Amino acid sequence: MKGLGDALLAAFVSPTDAVLCAMAMQDRLAAWNAQAQPGERIEVRIALSQGEVRRSRGDLHGEAMQLAL
């Protein structure tokens, strides 16, 4: 997982794991927003890419990373 300013990037072993994580994030945020005051609500956009990445010196590289940027 890597923080990019106000963004978050996570790499998963399988596409299924990525989708399940995205769904869990949406579910938790929907539950939070349902009881939060308007100024405390958290709205995010989630994007998934099935592109391959390679890990080198603790960082991720590859075409999928360029798309994310």
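# A quick tour of a small set of helices and strands

L67 sits in helix α2, which covers residues 63-68. That's our way into this chain, and keep in mind that what you're looking at is a predicted model. Read along the sequence, the pattern goes β-β-α-β-β-α, which adds up to 2 helices and 4 strands.

**How confident is the prediction?**

- Averaged over the chain, the pLDDT comes out at 84, and 90% of the residues score at least 70.
- Which elements mark the two ends of the confidence range? Helix α1 (residues 15-35) has the highest mean pLDDT, at 95, while strand β1 (residues 2-4) has the lowest, at 58.

**Inside and outside**

- The chain has 69 residues, and 13% of them are buried.
- About 6,100 Å² of the chain is exposed, with carbon and sulfur atoms supplying 52% of that area.
- Take the contacts in the chain with a separation of 6 or more: 26% of them come from residues 24 or more positions apart.

**The nonpolar patch**

- On the surface there's a nonpolar patch of about 880 Å², and its members are L8, V19, L20, M23, M25, W32, I42, V44, I46 and L48.
- Which element gives the most to this patch? That's α1, with 5 residues.
- One of the patch residues is M23, and you'll find M23 in helix α1.
- M23 has a relative accessible area of 43%, so it counts as partly exposed.

**N33, tucked into helix α1**

- N33 is another residue of helix α1.
- Is N33 buried or exposed? Its relative accessibility is 17%, and the cut-off for buried is under 20%, so N33 counts as buried.
- What does N33 touch once you leave aside its neighbours within four places in sequence? It is in contact with R41 and I42.
- You've met I42 already, because it's on the list of residues that make the nonpolar patch, while the buried label of N33 comes from its 17%.

**S14, in a loop**

- Where is S14? Look in the loop between β2 (7-9) and α1.
- S14 has a relative accessible area of 23%, so it is partly exposed.
- Along the chain, S14 and Q50 are 36 residues apart, yet their C-alpha atoms are separated by 8.8 Å.

**Back to L67**

- Is L67, in helix α2, buried or exposed? L67 is exposed, because its relative accessible area is 61% and the cut-off for exposed is over 50%.
- L67 and G51 are 16 residues apart in sequence, and the C-alpha to C-alpha distance between them is 9.2 Å.

Conventions. Residues numbered from 1 in each chain as written. Predicted model: local features only at pLDDT ≥ 70, side-chain atom pairs only at ≥ 80, totals over all residues. Heavy atoms only, no water. pLDDT = per-residue confidence, 0-100. Patch = residues over 30% accessible without salt bridge, like charges linked within 9 Å, V, L, I, M, F, W, Y side chains within 5 Å. Areas by Shrake-Rupley, 256 points an atom, 1.4 Å probe, with all protein chains shown as cover. Salt bridge = Lys/Arg side-chain N within 4 Å of Asp/Glu carboxyl O. Buried < 20%, exposed > 50% of the residue type's maximum accessible area, 1.4 Å probe, protein only. Contact = heavy atoms within 4.5 Å.
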